[in-house]
Amino acid sequence: MRLTVLGKSPSWQDAGGACSGYLLEEDGFTVLMDCGNGVFSKLRRYRDYTRVDAVLISHLHADHFLDLVPYSYALTYSPRQQPVPVDRWPGTETPARPRLIAPPHARDVFRQIVGSWGSRDLIEKAFELEEYAAGSTPEVGPFRFRFCEVPHFQETYAIAVKSSNGGGNFVFGADSRPTEELVEFAQGADLLLIEATLPRPERDGERGHLTPREAGEHGRDSGVGRVVLTHISDELDHLWARKEAESVFDGPVEVAMEGAVYSL
Ligand SMILES: [Zn+2]
């Protein structure tokens with residue numbers, strides 16, 4: 001399988017960047033994992049958005065799903081999706097309607113957001129919406145997904161991906177504070193894509209994110225093959241972040257960059 005980074009910013013975009021968004025591809029199947037603000041534009045740079053088979057969302061924070069709004073508008077109004085011929089496009093009887101595999105209660109949250117300007121069913125009409133549960137194991141083409149709830153400010157799922165074609169074993173940690181749950185869930189993964197949002201732990205209040213060093217510790221304790229740090233701002237020194245993770249993890253560490261491709 002092939003993983004392409006579309007966006008790796010935390011909850012505010014890097015200059016010219018995008019929030020959480022990753023493409024998984026194998027055997028002609030494409031899954032977009034997370035669709036945060038800025039991701040739809042990046043998706044268009046790399047792939048045809050009508051050829052995405054499924055969008056999978058880790059949790060319902062803006063930086064992980066907000067570009068489902070422009071994506072839904074594109075699927076609804078773009079010339080190529082229309083039933084009749086329009087300039088350059090022949091018209092189609094079968095407009096693309098990708099699956100949208102979203103966390104529990106997503107339908108209500110989407111309705112509230114787009115309903116605030118009167119487009120209540122925009123997202124569920126554009127996509128084939130299904131809500132997963134913690135124990136779900138949805139399949140898309142050769143991909144099989146598993147979930148693990150991780151502690152964040154709201155219900156959030158780390159995602160494990162395996163390919164039935166023998167491709168690698170990949171885990172995305174989503175957003176979380178330090179947690180044994182993720183360490184166990186990621187045991188033996190070839191690649192752990194893990195957030196490294198904070199330069200230092202939160203000073204007070206509930207913890208919700210990791211530092212690069214803590215991300216490295218999760219990689220070490222899970223025995224993964226390599227660690228890719230993500231959800232990290234361009235306002236943090238990436239070299240410093242990598243060194244922090246490398247100080248506790250023996251294997252290769254990288255910081256996610258837009259357009260980076262990982263073969264698993
Ligand atoms: Zn986030």
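Which residues are the protein donors of the zinc ion? Let's find out with a short tour of this predicted model.

**Stop 1: the zinc ion.** Select the zinc ion together with Asp63, His64, Asp175 and His231, since these are its protein donors. Each aspartate contributes an OD atom and each histidine its NE2, at 2.1 to 2.2 Å from the zinc ion. Now look at the angles among the four donor atoms: they run from 91 to 168°, and the site is irregular. Because four donors count as tetrahedral only if all angles lie between 85 and 135 degrees, the zinc site falls outside that class.

**Stop 2: the donors along the chain.** Colour the donor residues and follow them in the sequence, where their spacing reads D-H-x110-D-x55-H. Then pause on Asp63 and His64, which are both buried.

**Stop 3: strands E7 and E8.** Next, select residues 139–140, which form strand E7, and residues 143–150, which form strand E8. The two strands run antiparallel and are joined by two bridges. For one pairing, click on Glu139, whose bridge partner in E8 is Arg144. The hairpin here has two residues between its strands, and in it Gly141 takes a positive phi near 50°.

**Stop 4: on to strand E9.** Keep E8 selected and add residues 156–163, strand E9. E8 and E9 are also antiparallel, with eight bridges joining them. A hairpin of five residues leads from E8 to E9. To see one of the pairings, pick Phe143 and its bridge partner in E9, Ser163. While you are here, show the side chains: in a regular strand they alternate between the two faces of the sheet.

Technical notes:
Residues numbered from 1 in each chain as written. Predicted model: local features only at pLDDT ≥ 70, side-chain atom pairs only at ≥ 80, totals over all residues. Heavy atoms only, no water. Pairing = 2+ DSSP bridges. Helix = DSSP H or I, 4+ residues; strand = E, 2+ residues; numbered from the N terminus. Donors = N, O, S within 2.8 Å, 3.2 Å for Na, K, Ca; no water. Tetrahedral: all angles 85-135°; square planar, octahedral: opposite > 155°, others 65-115°. Buried < 20%, exposed > 50% of the residue type's maximum accessible area, 1.4 Å probe, protein only.
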